[in-house]
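Got your viewer open? Grab the mouse and follow along, one selection at a time.

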Amino acid sequence: GVDCVLFNEEYMTCMWGSRETLTANYSLYYWYENRSPVVECKQYLQDQGIRVGCQFNESEIIQFQPFRVLINASLSGRTLEVRSERMELQDLVKPEAPVNLTIHNMSSNQLQLTWTSPYPKAQCLEHAVKYKSNKDTSWTVHQVKGEVFSFPSVDYEKYYTFYVRSKINNYCGSTQLWSEWSIPVVWGSNSTSKGAVEEQLHWFWIHMVLIPVASCLLLLVLVVLLVRMERVWVILMPRIPNPSKNFDELFITHNGNFQEWAGVPKDVVESFKPNYSENICYVSELPPKDSYEPLWEGSNHPPPSVMPGASDTPPEHSPYKNSYVG
C-alpha cells in the first residue's frame with residue numbers, strides 16, 4: 001500500500017516501503033479525477049539507491065479533489081501495477097506542532113496556558129493539552145477548541161509540565177493525524193514560567209551563538225583599531241626616543257658653546273674664570289761626571305776634614321782624586 005501525508009499544507013509525501021522490504025524498481029504516477037492527466041513523480045525519495053517514496057511540492061497539491069496514485073514495480077523484465085484507493089488530501093493533513101507556549105498566573109490559584117500554531121488555517125484546528133505534576137504518576141489530557149487552556153486550581157508546592165498538540169477538526173477534514181507534541185513548558189516552585197527545556201535552549205543560544213559572535217565582533221573591532229589608530233600602536237609598541245635632534249641647536253647655532261645654548265648669564269661665566277698667576281719655574285739637567293765641580297762651590301760650608309790617620313794620598317778610586325785639599 002501507499003501512505004500519503006500532507007505536512008502542514010506545505011508538502012506531501014507518499015511512501016510505499018523501505019530498503020529492507022523492497023527489491024524491485026518502483027515508479028509512481030498520480031492524477032486527480034476529472035482534472036489532470038497522469039503524471040510521474042518528479043522527486044523520488046530514496047534509501048541507498050532504492051526508491052521508497054515520492055515528495056510533492058505545494059504547487060502539485062490540490063485539496064478537495066479525489067487523488068489517486070499508481071505504482072509500477074519492475075523486476076526481472078516483469079511489471080506489476082498497483083493502484084491505490086481514492087484519497088482526499090484534506091483528510092491527510094498533519095499540522096506542525098504548536099509553538100510559543102506561555103503560562104500566565106491568574107487570580108485564585110488559576111493558570112492560563114496559551115500558544116500559537118504554525119498551521120495557516122488556525123480555525124481548522126483543535127488541540128489537546130496534557131499535563132501532570134511532579135507528584136502525579138499519569139498524564140491528564142484535555143481537548144481544547146481554541147488556543148487557550150485554563151487550569152482551575154494549582155498547588156504551589158508542586159510543579160507542573162504542559163504539552164500541546166493539534167489536528168484538523170471535523171469542519172475542515174476527517175483525519176486522526178495529530179501533530180507532534182510541542183516543546184514542554186514547566187510551572188511551579190522548582191521551575192520558571194519558561195520551562196526547563198526553554199531555559200536550556202536559552203542558555204544554548206547564549207553560549208553557542210551569542211558569545212562566539214560577540215567575541216568575533218570584538219576581535220574585529222580591535223583589529224580595525226590597531227590598524228587605523230596610530231595612538232594604539234604607540235601605546236602597545238612605544239618608539240625608542242632619538243635625542244640627536246634636541247642638540248642640533250647646540251652644535252649648529254651655538255658652535256658647541258654649552259653656556260650660550262643653556263642660557264648661562266655672562267657674569268656667571270666670568271666668575272668661574274681664574275684671576276691669579278704663578279711664577280715660571282725653570283728646570284735643567286745635572287752636568288756630566290767628567291765636568292764635576294766641588295759640592296761646596298758657592299756654599300758657605302767648609303770642606304770635610306780628613307780623618308786622622310788617613311793617608312795623604314787619596315786612594316785610586318777615591319772621588320777626591322786630583323781634587324784640591326785645603
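What follows is a walk through a predicted model, with stops at disulfides, strands, a loop serine and the nonpolar cores.

**Stop 1: the disulfides**

Start by showing the cysteine side chains. How many disulfides are there? The count comes to three. Counting bonded cysteines along the chain, the pattern is 1-2, 3-4, 5-6.

Select Cys4 and Cys14 to begin with. A disulfide joins them, with an S to S distance of 2.0 Å. Cys4 sits in strand S1 (residues 3-7) and Cys14 in strand S2 (residues 11-15), so this link ties together parts that are 10 residues apart in sequence. Look along the S-S bond: the torsion is about 115°, so the disulfide is right-handed. Are these two cysteines buried or exposed? Cys4 has a relative accessible area of 7%, which makes this residue buried, and Cys14 is buried too, at 0%.

Next, pick Cys41 and Cys54. They form a disulfide with S to S at 1.9 Å. Cys41 is in the loop between strand S4 (39-40) and strand S5 (44-47), while Cys54 is in strand S6 (residues 50-56), so the bond connects parts that are 13 residues apart in sequence. Here the torsion about the S-S bond is about 100°, so this disulfide is right-handed. Both Cys41 and Cys54 are buried.

Now jump along the chain to Cys124 and Cys172, which are joined by a disulfide with S to S at 1.9 Å. Which hand does this one have? The link is left-handed, with -70° about the S-S bond. Cys124 is in the loop between S12 and strand S13 (125-133), and Cys172 is in the loop between S16 and S17, so the pair ties together parts that are 48 residues apart in sequence. Colour by accessibility if your viewer can do that: Cys124 is buried, at 6%, but Cys172 is partly exposed, at 21%. The cut-off matters here, because buried means under 20% relative accessible area.

Before moving on, click on Cys216. This cysteine is exposed, with a relative accessible area of 52%.

**Stop 2: a hairpin and its neighbour**

Select residues 99-105, strand S11, together with residues 111-116, strand S12. The two strands pair in the antiparallel sense over five bridges. To see one matching pair, highlight His104: Gln112 in S12 stands opposite this residue. The hairpin has five residues between its strands, and Ser108 takes a positive phi near 60° there.

Add residues 148-151, which are strand S15. S12 and S15 run antiparallel and are joined by four bridges. What stands opposite Leu111 in S15? Zoom in and you should find Phe151.

**Stop 3: an open sheet**

Switch to cartoon view and find the four strands that form an open sheet, in the order S14-S13-S16-S17, with antiparallel pairing. The edges are strand S14 (140-144) and strand S17 (185-188), each of which pairs on one side only. Try looking along the sheet: neighbouring strands are turned by 25° against each other on average, ignoring direction.

Now focus on strand S16 (residues 159-168) and S17, an antiparallel pair joined by four bridges. Thr161 has Val186 in S17 as its bridge partner.

**Stop 4: a serine in a loop**

Select Ser179, which is in the loop between S16 and S17. Ser179 is buried, with a relative accessible area of 4%. Who does this serine touch? Leaving aside neighbours within four places in sequence, Ser179 is in contact with Lys94, Pro95, Glu96, Ala97, Pro98, Arg165 and Ser166.

**Stop 5: the nonpolar cores**

For the last stop, show side chains for Met12, Trp16, Leu28, Phe56 and Phe67. In the largest nonpolar core, which has 28 residues, these five touch the most other members. S1, S2, strand S3 (25-32), S6 and strand S7 (66-75) are the elements that give two or more residues to this core. Where does the core lie? Domain 1 (2-91) and domain 2 (95-189) both give residues to the core, so it lies between them.

Zoom in on Phe56. Not counting residues up to four places away in sequence, Phe56 touches Tyr11, Met12, Cys14, Leu28, Tyr30, Ile61 and Phe67. You met Cys14 earlier, bonded to Cys4.

Finally, select Leu113, Val129, Val144 and Phe162. They are among the residues of a second, separate core, which has 16 residues.

Technical notes. Residues numbered from 1 in each chain as written. Predicted model: local features only at pLDDT ≥ 70, side-chain atom pairs only at ≥ 80, totals over all residues. Heavy atoms only, no water. Pairing = 2+ DSSP bridges. Axes fitted to C-alpha atoms, helices over the stretch in contact; angles between N-to-C directions. Disulfide = S-S within 2.5 Å. Buried < 20%, exposed > 50% of the residue type's maximum accessible area, 1.4 Å probe, protein only. Contact = heavy atoms within 4.5 Å. Core = buried A, V, L, I, M, F, W, Y, C linked by side-chain atoms within 4.5 Å. Domains from an automatic or database assignment.
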